[in-house]
Amino acid sequence: MSNNITLDVGSRFLNYVKIDTQSDPNSNTNPSTEKQKDLSRILVQELLDIGISDAHLDEWGYVYATIPSNSDKKVPTICFCSHVDTSPDCSGANVKPIVHFNWQGNDIILPDDNAQIIKVEEHPDLKSQIGNDIITASGTTLLGADNKAGIAEIMAAAKFLMNNSEIKHGTIKILFTPDEEVGRGTEKVDLEKLGADFAYTMDGESLGTLEDETFSADAVTLTIHGVSTHPGFAIGKLENAMKIAGDILSALPKDTLSPETTEGMEGFIHPTQISGIQESVKLDFIIRDFTVKGLKEKENFLQNIVNQTLEFYPNSSIDFKIIEQYRNMKEVLVNYPHVVDFAMEAIEMTGIRPERRSIRGGTDGSRLSFMGLPCPNIFAGEHAFHSKLEWVSVQDMEKATQVIINLVQIWEKNA
Ligand SMILES: [Zn+2]
């Protein structure tokens, strides 16, 4: 069993990463780039070829497919989800994947740019990969294991389940989304059409990990309205919006509440963009915490800085606008503990020690959870994503594939 899966997941992955699917944060279309559909169309054809007859791509770039139930029981419908796009932070064109068979623990120098070296000391997860087959890019692009590892795993598991009908499972839904990397992966998803009760993204990092907790996230936009005058006649009148912005930024604490001074479960206030002239300035922040209460505290903290700053600028004003981005999936998942418990059991069944983690970020699963589809994140084996040093091992992808196969059986057994 395992040999077949190994062959299939590795070769699928090598095919998928060669297709450029980079998304674009500056595009307003859905999907943000048409080329994402190049991979999605191939995935639909492959799903049809393995006998999944309802597989299709919609106009927004989403792939939906159903593996029908083969159980007499009433089993909840489970969805597995991955994203086809790769990060805009690093080129994804003409990816040349390299398999380092039976890797023996040496640093990996990427041939197309010898300055790109995957050093074991900088990638501690490599230490447990000796003897495995490591896949990297060639030095000038990312690899795209984020999230084509997950896609290959779902596809390999789907094929295995379609060919092994003695393995009992309920209805299984497959969902491949565009634009996760630009934060729009769930924008046009049709959950009614999908019809799943629970879901898992296959988009996590290290072997055996499961993420059931993400940041909660808001954005804050300050629009600072100063008082503009001719500088030659400005005495007692000019209130320069750029200086107001500077005062606000310099009032932020130096030793806490920032990405560069926090870790673990601590949140932060992080300015991301500034633009403007003396009359008005727009100042964008992201606010992160693991609880909504923590988010509100940070927003109040920023509001207080704004109020105190304005005391020195009596004729200026500042619009303080909060935009909700996403919420910690744990708030939802805590109501469905078996969703996580079954996944932990499925990981354990493959002979790996499962490890529950939180992410200092968000996932499509955070948004799906709050849209009514509880959705933790299972490891896909991807490492050093969004960089030229990205890597994944065939053996980890095989384990992730087995986790999917185990998990659908656990849901059936417990129905
Ligand atoms: Zn991803």
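User: How far apart are the centres of domain 1 and domain 2?

Analyst: The centres, taken over C-alpha atoms, are separated by 38 Å. This is a predicted model: local features need pLDDT of at least 70, side-chain atom pairs count only at pLDDT 80 or more, and totals for chains, interfaces and linings use all residues. Residues are numbered from 1 along each chain as its sequence is written.

User: What makes these two domains?

Analyst: The bounds come from an automatic or database domain assignment. That assignment gives domain 1 as 2-214 + 328-413 and domain 2 as 216-325.

User: What makes up the contact of domain 1 and domain 2?

Analyst: Four residues come from domain 1 and four residues from domain 2. Contact means C-beta atoms, placed from the backbone, within 7 Å.

User: Why are β7 and β17 called paired?

Analyst: Pairing takes at least two bridges found by DSSP. Strand β7 (residues 134-136) and β17 have three bridges, so they count as paired, in the antiparallel sense. Strands here are DSSP runs (E, at least two residues), numbered from the N terminus. T136 stands opposite W391 in β17.

User: What makes β4 and β17 edge strands?

Analyst: Each pairs on one side only. The open sheet has three strands in the order β4-β7-β17, with antiparallel pairing. β4 spans 98-100 and β17 spans 391-393.

User: Which helix packs on this sheet?

Analyst: Helix α10 (residues 394-413), touching β7 and β17. A helix is a DSSP run of H or I, at least four residues. The direction of α10 makes about 65 degrees with that of β17. Axes are lines fitted to C-alpha atoms, for helices over the stretch in contact; angles run from 0 to 180 degrees between N-to-C directions.

Conventions:
Two residues are in contact if their C-beta atoms, placed from the backbone, lie within 7 Å.
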